[in-house]
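The following exercises are to be worked through with the sequence and the coordinates at hand. Each task is followed by a solution that proceeds step by step.

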Amino acid sequence: VASLLVGGARVEQNHTLTFVYYDPDFLQIRSLSPTGGPRDGNTEVVLEMLDNRLLLDLGGLLCRFTFDVTLTHGGTPSTASMMVNASIESNMYGERRTIRCYTPASPLMTVSSRIGVVEAALDITLNGIDFSGEPARFEYYSPHTFAHHAILPWGGPAHGGTVVHVIGTGLRALGEARCRFEDIGRLNMRIEVRATVVNETHALC
C-alpha cells in the first residue's frame with residue numbers, strides 16, 4: 001500500500017494505492033520463439049518467462065532491443081536501443097503464459113545486407129524503468145542472403161510422407177523451421193509442416 005506525503009504530513013485519502021515489489025532474480029527470459037527474423041522487423045516474438053507470477057504490467061510492459069552500432073560509428077563502441085509495446089497472453093483457462101511483442105526494424109539495415117546477420121539483445125521491463133537480467137539474443141537477417149534454389153524429389157504420393165530435400169543458401173534455424181506447400185490441387189490451399197535445417201545449404205521437410 002502506498003501513501004502520499006506532503007511536507008512530511010500524510011494526506012488522508014478515501015482509497016489506497018498498491019505498489020508491487022518483485023524479486024528481480026526471477027525476472028528472466030526462459031525462451032523466445034522465433035529466435036530471429038527479417039531486418040525490416042514486424043516479427044511477432046513470443047517470450048516464456050522464468051516465473052509466470054511476474055507476467056505483470058506495472059505501468060510499462062515493454063520489449064527492448066539493443067544493437068551494437070559500433071560498425072556505423074567509425075569503430076567507436078556504441079549501442080542503440082529501441083523499445084516496443086508488449087502484451088501478456090493467456091491460455092484458454094485464463095492463465096497467464098507468455099509475453100508477446102513485435103520486433104522493430106534493425107537500425108543496421110545496410111550492415112546486415114553486407115554481413116547477413118545482425119544480433120540484438122532482447123530484455124523486458126514491467127514498469128518501463130527496470131529491466132530483466134541476462135538478455136536473450138535475437139538475430140536479424142537480410143532476406144537477400146536467404147534463398148532456396150532446388151528441391152528433391154520433385155513429387156510424391158498424394159497421402160504425403162515423402163521426405164523433401166531443400167537446397168539453398170543462408171538457411172538458419174531461428175526457432176521452428178517450416179516448409180510451406182501452396183496451391184495444392186489448385187484449390188488455393190496452404191499447408192505448413194515442420195522442417196529440419198541440416199546446415200546453411202540443406203534442409204529437410
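Two strands are taken to pair if DSSP finds at least two bridges between them. The model examined here is a predicted one.

**Exercise 1. Overall composition**

Task: State how many helices and strands the chain has, and what share of its residues is buried.

Solution.
Step 1. The secondary structure consists of one helix and 16 strands.
Step 2. The chain has 205 residues, and 30% of them count as buried.
Step 3. The accessible surface of the chain is about 13200 Å², with 54% of it belonging to carbon and sulfur atoms.
Step 4. Among contacts in the chain with a separation of 6 or more, 55% are made by residues 24 or more positions apart.

**Exercise 2. The four-stranded sheet**

Task: Give the strand order of the open sheet of four strands, and identify the bridge partner of Ala 150 in β12.

Solution.
Step 1. The order is β11-β12-β16-β15, and the pairing is antiparallel.
Step 2. At the edges stand β11 (147-152) and β15 (196-199), each of which pairs on one side only.
Step 3. On average, neighbouring strands of this sheet are turned by 25 degrees against each other, direction ignored.
Step 4. Between β11 and β12 (residues 165-169), the antiparallel pairing extends over five bridges.
Step 5. The bridge partner of Ala 150 in β12 is Ile 167.

**Exercise 3. The eight-stranded sheet**

Task: Determine the order and the edge strands of the open sheet of eight strands.

Solution.
Step 1. Strands pair through backbone hydrogen bonds, in either a parallel or an antiparallel arrangement.
Step 2. In this sheet the pairing is mixed, and the order reads β3-β5-β8-β7-β6-β9-β10-β4.
Step 3. The edge strands are β3 and β4, since each of them pairs on one side only.
Step 4. From one strand to the next, the twist averages 30 degrees.
Step 5. The pairing of β3 with β5 is antiparallel and runs over four bridges. Ser 31 stands opposite Glu 48 in β5.

**Exercise 4. The nonpolar cores**

Task: Name the residues that touch the most other members of the largest nonpolar core, and the strand that supplies its largest share.

Solution.
Step 1. The largest core has 26 residues; those touching the most other members are Leu 47, Cys 63, Phe 65, Phe 67, Ile 99 and Ile 124.
Step 2. Strands that each supply at least two residues of this core include β3 (29-33), β5 (44-49), β6 (62-68) and β7 (79-90). Also among them are β8 (96-102), β9 (117-125) and β10 (136-141).
Step 3. The largest share, four residues, comes from β9.
Step 4. Beyond four places in sequence, the residues touched by Phe 65 include Met 82, Val 84, Cys 101, Leu 122, Phe 138 and Tyr 140.
Step 5. A second, separate core has eight residues, including Val 166, Leu 171, Ala 177 and Cys 179.

**Exercise 5. Salt bridges**

Task: For the salt bridges Arg 64 to Asp 123, Glu 119 to Arg 137 and Arg 53 to Asp 51, compile the N to O distances and the accessibility of each partner.

Solution.
Step 1. Side chains of opposite charge can pair when their charged atoms come close. The structure holds four such salt bridges.
Step 2. Arg 64 and Asp 123 meet at 2.7 Å, N to O. The pair links Arg 64 in strand β6 with Asp 123 in strand β9, 59 residues apart. Arg 64 is partly exposed at 23% relative accessibility, whereas Asp 123 is buried at 6%.
Step 3. Glu 119 and Arg 137 meet at 3.2 Å, N to O. Glu 119 lies in strand β9 and Arg 137 in strand β10, so this pair ties together parts 18 residues apart in sequence. Glu 119 is partly exposed at 38%, and Arg 137 is likewise partly exposed, at 44%.
Step 4. Arg 53 and Asp 51 meet at 2.6 Å, N to O. Arg 53 counts as exposed at 63% relative accessibility, while Asp 51 is buried at 12%.

**Exercise 6. A loop residue**

Task: Decide whether Thr 43 is buried or exposed, and locate this residue in the chain.

Solution.
Step 1. Thr 43 is found in the loop between β4 (36-38) and β5.
Step 2. Buried means under 20% relative accessible area.
Step 3. At 13% relative accessibility, Thr 43 is therefore buried.
Step 4. Leaving aside neighbours within four places in sequence, the contacts of Thr 43 include Pro 34, Pro 38, Cys 101, Tyr 102 and Phe 138.

Terms used:
Residues numbered from 1 in each chain as written. Predicted model: local features only at pLDDT ≥ 70, side-chain atom pairs only at ≥ 80, totals over all residues. Heavy atoms only, no water. Buried < 20%, exposed > 50% of the residue type's maximum accessible area, 1.4 Å probe, protein only. Contact = heavy atoms within 4.5 Å. Areas by Shrake-Rupley, 256 points an atom, 1.4 Å probe, with all protein chains shown as cover. Core = buried A, V, L, I, M, F, W, Y, C linked by side-chain atoms within 4.5 Å. Salt bridge = Lys/Arg side-chain N within 4 Å of Asp/Glu carboxyl O. Axes fitted to C-alpha atoms, helices over the stretch in contact; angles between N-to-C directions.
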